[in-house]
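Me: I am new to this structure and would be grateful for a close look at a single part of it. Please take one sheet and describe what surrounds it.

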2 protein chains.
Amino acid sequence: MAEKDDERTQEICTGAAICSVFTKLIKGFLHRDNTISEEDDMPAGKDALKGRSESLEAPDNIIGEESRNSFDFETAYARDLLPARNAPATTTLFLTKVVEILCDYVRKTYDRSEKVVDFHHPQDLKKFLDLEIPDERPETLEKILESCRETLKYGVKTGHPRFFNQLSSGMDVISLAGEWLTATANTNMFTYEIAPVFIVMEEMILKKMREIIGFPAKSGDGIFSPGGAISNLYAVNCARYKFVPDVKKKGLREAPKLVMYISEHSHYSLKRAAAIVGIGTDNVYAVKCDERGKMIPSDLERKIQIAKSKGETPFFVSASGGSTVYGAFDPLHDLADICQRHKMWLHVDCAWGGGVLLSKKYRKRLDGIERADSVTWNPHKLMGVILQCSCLLLKESNLLQRCNSMCADYLFQQDKNYDVSYDTGDKTIQCGRHVDVFKLWLMWRAKATVGFEAQINKCFDLAHYMTDKLKAREGFEMVVDEPELTNVCFWYLPPSIRDLPDGPDKRDRLAQVAPVVKARMMDRGMTMIGYQPLGDNVNFFRMVISNPAATTADIDYMIEEIERLGQDL
Amino acid sequence: MAEKDDERTQEICTGAAICSVFTKLIKGFLHRDNTISEEDDMPAGKDALKGRSESLEAPDNIIGEESRNSFDFETAYARDLLPARNAPATTTLFLTKVVEILCDYVRKTYDRSEKVVDFHHPQDLKKFLDLEIPDERPETLEKILESCRETLKYGVKTGHPRFFNQLSSGMDVISLAGEWLTATANTNMFTYEIAPVFIVMEEMILKKMREIIGFPAKSGDGIFSPGGAISNLYAVNCARYKFVPDVKKKGLREAPKLVMYISEHSHYSLKRAAAIVGIGTDNVYAVKCDERGKMIPSDLERKIQIAKSKGETPFFVSASGGSTVYGAFDPLHDLADICQRHKMWLHVDCAWGGGVLLSKKYRKRLDGIERADSVTWNPHKLMGVILQCSCLLLKESNLLQRCNSMCADYLFQQDKNYDVSYDTGDKTIQCGRHVDVFKLWLMWRAKATVGFEAQINKCFDLAHYMTDKLKAREGFEMVVDEPELTNVCFWYLPPSIRDLPDGPDKRDRLAQVAPVVKARMMDRGMTMIGYQPLGDNVNFFRMVISNPAATTADIDYMIEEIERLGQDL
């Protein structure tokens, strides 16, 4: 088999498919050699020159010599790359080497015979990895390449088909390409002037996402933010501004006592948002959930009444659209009715579950979302976009600008030569902002909405497969009987505790199973799953299926791995 | 010349330097073909299959056929890439093509005969770019590659040696490679479990940065955040927590009336932070600056006294370490004395100027920074790291955790198998957090501290060169006579207004020069510079030199371009 592969590889290269790509690439570089650098006045620490071989003085010539098989990175340094004189070919060779390492990692990521993680404790990792940052002596490019290899070797393959540990997983190749391009473009979303294409893409994608939610077509607002927690912070901040615009100037001391509502199962970032904006966590009321993790509207109603009777001002309800642990969807129409009645802001945090909107089969889970005032939706979760990619979407136009604007003239001049309403900097709580839209836009182009739908439906199919399998299997017990999203929450009961009578002793022993199994699983490194307690439920496993590369065989593998590692407990 | 290059290119490929790299690459992929995918159950929209040639059913075989010169991306789709069956070689070919486009862009970035920007107004851009997001029909891989080319074509080359528009510029190749790797690793900083290497790198780099600041070696805290504005928000939030820990729970309504101090020239994000945290912008007092833009300590002292006499609680002073427009450094020792006397928090916002700490020649600009309580320092500015890379550094240990922790059990389990103090998620105001440390770590390894020092000193040299040149040249006038950082602020006075008497008429006409010159400059697209008014000074140009690829010839070019475009005004 190996020999046969070698033959095929040979064919590929003589067949010139790859070579022709790289011939063009290098040609492009050499073509304009003389115009690249007007002077070589790039200074470097004097030690950077030590140890360079004579022949490196004109690295581009060396590459052309037939006698040399490859460029010698062991005697080259960062200073030999662009913008150094005559460095374009060296630069390409270096970046090509890096991409070789990255492509190797992509291949390993999808290779089930590879480990998901080669786990080491922090103190050990620090001992055997060479992490030192030099003051005087730069490392050679060969050492830099080695650092890249080592970093990936001891990392976690979050795109591996057997990584089920997190809401974000998978490695979409198009999205990855998009993020490489984003890094190369190396620009900033604050003004149209320096990010024209990305700005119009962002406007377009946000509009499309609002349409999918069902917000009115001609209005609305939105922003890409660095993660769901920040999107939720935006929502709380906008709602507060909407209710008490004066807070922006005068602060909260003179404002009415604002209180907000989340569910017991809401993401913790909403409570933290209350701490940050000065409302305080004591003024965040947790509404009870039913056994499936869904917020109970009558309890919300009751708690609003109590607050009002105390003279407090309820202003904000956050509903979950796919809760973090159970994957539960709160009853949006019921909550919207309550918010309408009490003139409160309805936020839907579907950071995790937002993707279901793209599935004709499952979008009913979010029925009523069109009645929300704001929505957090992270394409880097269920839609599988490379990290980070999170959006806040608002029903009302222009609210972000009014809420966050500080009118900094030096950055957002009003007398520029173009329509400055395209400058997004003054509506954010950031200043510089990373380009998060491109990788999503590119991926959406490449798979169309139907492609997202197919991959999301597949994750649901796998969650149903797993649920059925666990229910039928001795020793496993569901925490939530029928998952609403692709979280599958369950206990594994080793034989020793399986038949114990219910009670504190059984619970205590059960609580210790998941951590031990997880620790052993990390040591083996072939798969990963998360666990946690929640409310009265002691430690249980939470399987998250968001990687379309996973198959039923991977689900089977996980179940068997847990049994294998936990049966002696 | 072109023929000669062709010959050299030929040599390169037959010399096998590049080929050997890619032979290995493809070999790696084919080697494990059978273990890659256990089943091909990846669904796709049915239209995704339309138009695929028969021969594409087994794309990897095609590549091997000598009769084919290159893979046909026009009939291939995202679904033909990993995790599809037998797709590793197709995936490599596709990523290789993308990197070809990116390397071409890198070359153009450093090529002065290339435009910095091919500017078009938003409405025009939307017309001629194909931005459509399909619902039913995915685009071919060829179209995806075309989208990449188009996106870069109409973008702004922020690494071009003649781009002087922003505090962040340049394109460091090592840092770029680091960001490509970060995208490929596609993980999240919230737990050690899924980002072990990056977590220990972050700990190490933050420690090193604190040492460079001069904070005590054995304590301290810090975090990488999505930009300087968020780092400043962290600082205000931490300071507020330190002074009134109860705010976290009880909110600001019962707290004393907190007031904070910035200078007239402070970055607007500090005022916005006050709005976000519920202090309110009215409670942010702007301290006067001298003509060089440096905060006047006596004015701060006076304003603190006034506030205290009104029963307010001054708690926070933000000093600039390189202000955004003038590049001014506030007198840190004087401000630290005042903060010590009044028991206030001293924050130093050296997002822009922090890099000077790495230069023996210029670090005295930040004398006294070791007396600060918190520091914002953005390596993506003066140090030239790819966007985004910003740090908040704190003198006190463990403050972020106490301030921001919400103890979310489901994510930050305390019974894990490793030292959970390495989990950083509970000390941030984010949940998921992008890996921003790696590109900095890799770059630091590659150039050592002396390399940063050399590139930063070079930027200073260029700023001095420009200042001298402008002072000696008719028609130019300095706004700040001797810049303290690499911002060079100046007016250009066209002959028609040069000899007008000082007064409102001259000012009005001068105010219109920069916007017109800038608009014409964008149309030509060969260089870029910013402008703004500030205080009593009407629109002036702000040159920012942070790209080590720039040379004195580029400075000359800018001066001549402004004259060329503005002399008729």
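Reply: Of the 569 residues of chain A, 69% count as buried. That figure gives a first view of a model that is predicted. In secondary structure, chain A comes to 20 helices and 12 strands. Its accessible surface amounts to about 18300 Å², and carbon and sulfur atoms hold 48% of that area. Among contacts in chain A with a separation of 6 or more, 73% join residues 24 or more positions apart.

The part chosen for the close look is a sheet in chain B. It is an open sheet of five strands, arranged in the order S1-S11-S12-S10-S9, with mixed pairing. At its edges lie strand S1 (163-164) and strand S9 (476-478) of chain B, each of which pairs on one side only. S1(B) is joined to strand S11 (residues 528-534) of chain B by two bridges, and the two strands run in the parallel sense. Within this pairing, B:Phe164 has B:Ile529 in S11(B) as its bridge partner. In general, the strands of a sheet pair through backbone hydrogen bonds, either parallel or antiparallel.

Two helices of chain B pack on this sheet. One of them, helix H16 (residues 437-472) of chain B, touches S9, strand S10 (487-492) and strand S12 (537-544) of chain B. The direction of H16(B) makes about 20° with that of S10(B). The other, helix H19 (residues 513-524) of chain B, touches S10, S11 and S12 of chain B. Here the direction of the helix makes about 160° with that of S11(B).

Helix H16 of chain B also contains B:Asn457. Is this residue buried or exposed? B:Asn457 counts as buried because its relative accessibility is 18%, and the cut-off for buried is under 20%. Leaving aside residues up to four places away in sequence, B:Asn457 touches B:Ser359, B:Lys361 and B:Tyr362. The last of these, B:Tyr362, is 95 residues apart from B:Asn457 along the chain, and the C-alpha atoms of the two are separated by 8.0 Å.

Another helix of chain B may be added to the picture. Helix H12 (residues 268-276) of chain B is mostly covered, with eight of its nine residues buried. Among the buried residues of H12(B) are B:Tyr268, B:Leu270, B:Arg272 and B:Ile276. Just after H12(B) comes B:Gly278, which takes a positive phi of about 90°.

Conventions:
Residues numbered from 1 in each chain as written. Chains lettered and ligands numbered in written order. Predicted model: local features only at pLDDT ≥ 70, side-chain atom pairs only at ≥ 80, totals over all residues. Heavy atoms only, no water. Helix = DSSP H or I, 4+ residues; strand = E, 2+ residues; numbered from the N terminus. Buried < 20%, exposed > 50% of the residue type's maximum accessible area, 1.4 Å probe, protein only. Contact = heavy atoms within 4.5 Å. Areas by Shrake-Rupley, 256 points an atom, 1.4 Å probe, with all protein chains shown as cover. Pairing = 2+ DSSP bridges. Axes fitted to C-alpha atoms, helices over the stretch in contact; angles between N-to-C directions.
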